[in-house]
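The exercises below each set a task on the structure shown, and each task is followed by a solution that goes step by step.

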Amino acid sequence: MNVAAGPLAGVSVLELGTMYAAPTCGRMLRDFGAQVVKVEDPSTGDYARHWTPQKNGLSLGFARLNAGKRSVGIDLRQPDGRDLVRRMAATVDVVVESFRPGRLESWGLGYEALAEHNPGLILTRVSGFGQTGPYRERPGFGTVAETASGYAFINGWPDTPPTSPPFGFADSIAGISAALGTAMALYRRERTGAGDVIDVALYEPLMFIMGDVILKYATLGEIQVREGNGTGSASPRGIYQASDGSWLSIAASNEVIARRLFRAMGRPELSDDPRFATNQARMANNDAIQREVSGWVAGMPRATALKILDEFEVVSAAVNDARDIVADPHFAKRTLVELTGSTLLGPAVMPGPVLHMASAPAPVYDGVPSVGEHTTSVLSEVLDLTSDELAELGGRGIIGPFPPKS
């Protein structure tokens, strides 16, 4: 969509964050209408630019999170660079940052300093362990959040080590949570005129999702262990292999769906078997019921099993790989979007916004900015810097570079 058409139209965001979490927040805000200016180190850019996989030197992860943003190269290690950011922060609605707690304050860019010139400013802060608490000064990436939250401990099989996911799980959830907090602060400002500080620790949104595991220990004294594809709370549920070697999932997580599954299997009598008559009984005899379901799925191709399950309204789906997703007509219609305007990537699709609003057309992802691509245009528009001033700052390495658009 034209960002001006979104519910956050008119909201301006200055993104000081790197890697995944804070840029995810920036993308969420841009998806729904905000204008996002991304400040990057002129010499290295966002560290995510160097991650793999890449195509023609462009990081795919960076492209996904930063398409449609404007990039300004400013060296924050230099006082004059920090002064530029301070002046820019006076003109925006939101600043998003992901430095270690205390870093902005040491640079004279803490909330009090910024709010002095912009009382309605919203400062959204994403850090490893948050702005408060004994661990506040510790560095943190997603892998640390996934282990500290308790997630890695229960992820995997009983006979395998604790396992972190092979993608930015904690970072992405933290970034979406930061965008939610930012939207709430913007709504509060509409009513009160007051700015706010949003404090997101990388591990906290993931720990919230893990909440039942923690409550289970706090109330029952039980530590949940790795269950493989099960949840430890409902059965039958899991991932099963069909006769053609492909996989599908079934989630018969309540009594009604479990009975439907047994009818779909041609085994309605399982509902009357005392071992399987209730969820508690099925959990106590989980290995036995899983053998029944696995054997049934293994007797036919995946497409046949899914067709039967769909006819009986059993919650199920194919276990998709990326090729399956790109070829699927439902995802093509609703979920996937084109990433356009990049000669380095060529034709590309990726997941679009995380939700749909009836009042807002789908966003357009046009172009992945190169480091400092918009430095001169943004600084001249926002701060009224002249060409001579820009040249002088560039000559001292405070701003720049100005490479061609990707």
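**Exercise 1.** Determine which residue lies over the face of Phe153, and at what distance from the ring centre.

*Solution.* A charge is taken to sit over a ring if NZ of Lys or CZ of Arg is within 6 Å of the ring centre and within 35 degrees of the ring normal. By this rule Arg226 lies over the face of Phe153, at 5.4 Å from the ring centre. Arg138 is likewise placed over the face of Tyr135, at 3.7 Å from the ring centre. The model is a predicted one, in which local features need pLDDT of at least 70 and side-chain atom pairs count only at pLDDT 80 or more, while totals for chains, interfaces and linings use all residues. Residues are numbered from 1 along each chain as its sequence is written, and side-chain values use heavy atoms, with hydrogens and water left out.

**Exercise 2.** Classify the pair formed by the rings of Phe129 and Tyr135, and state how buried or exposed Phe129 is.

*Solution.* Rings of Phe, Tyr and Trp (its six-membered ring) pair if their centres lie within 6.5 Å, and planes under 30 degrees apart count as stacked, over 60 as edge-to-face and the rest as tilted. The count by this rule is six aromatic pairs. In one of them, Phe129 and Tyr135, the ring centres are 5.7 Å apart and the planes stand at 80°, so the pair is edge-to-face. For accessibility, buried means under 20% relative accessible area, exposed over 50%, and partly exposed in between (1.4 Å probe, protein chains only). Phe129 counts as buried because its relative accessibility is 13%, whereas Tyr135, at 42%, counts as partly exposed. Together with Tyr203, Phe129 and Tyr135 form one aromatic cluster.

**Exercise 3.** Work out which strands stand at the edges of the six-stranded sheet, and which strands helix 1 touches.

*Solution.* Helices (H or I, at least four residues) and strands (E, at least two) are DSSP runs numbered from the N terminus, and two strands pair if DSSP finds at least two bridges between them. The six strands form an open sheet in the order 5-2-1-6-7-8, with parallel pairing. Its edge strands are strand 5 (70-73) and strand 8 (196-201), each of which pairs on one side only. Within this sheet, strand 1 (residues 12-15) and strand 2 (residues 35-40) pair in the parallel sense over four bridges, and Val13 has Val36 in strand 2 as its bridge partner. Contact means heavy atoms within 4.5 Å, while axes are lines fitted to C-alpha atoms, for helices over the stretch in contact, with angles from 0 to 180 degrees between N-to-C directions. Helix 1 (residues 21-31) packs on the sheet, touching strand 1, strand 2, strand 6 (94-97) and strand 7 (122-127), and its direction makes about 165° with that of strand 1.

**Exercise 4.** Find the order of the three-stranded sheet, and identify which strands helix 13 lies across.

*Solution.* This open sheet has the order 9-10-11, with antiparallel pairing. Strand 9 (237-241) and strand 11 (316-318) stand at the edges with a single partner strand each, so one side of each is left without a neighbour in the sheet. Strand 9 and strand 10 (residues 247-251) pair in the antiparallel sense over five bridges, and the bridge partner of Gly238 in strand 10 is Ile250. Helix 13 (residues 286-297) lies across strand 9 and strand 10, running at about 35° to strand 9, and helix 14 (residues 302-311) lies across strand 10 and strand 11, at about 20° to strand 10.
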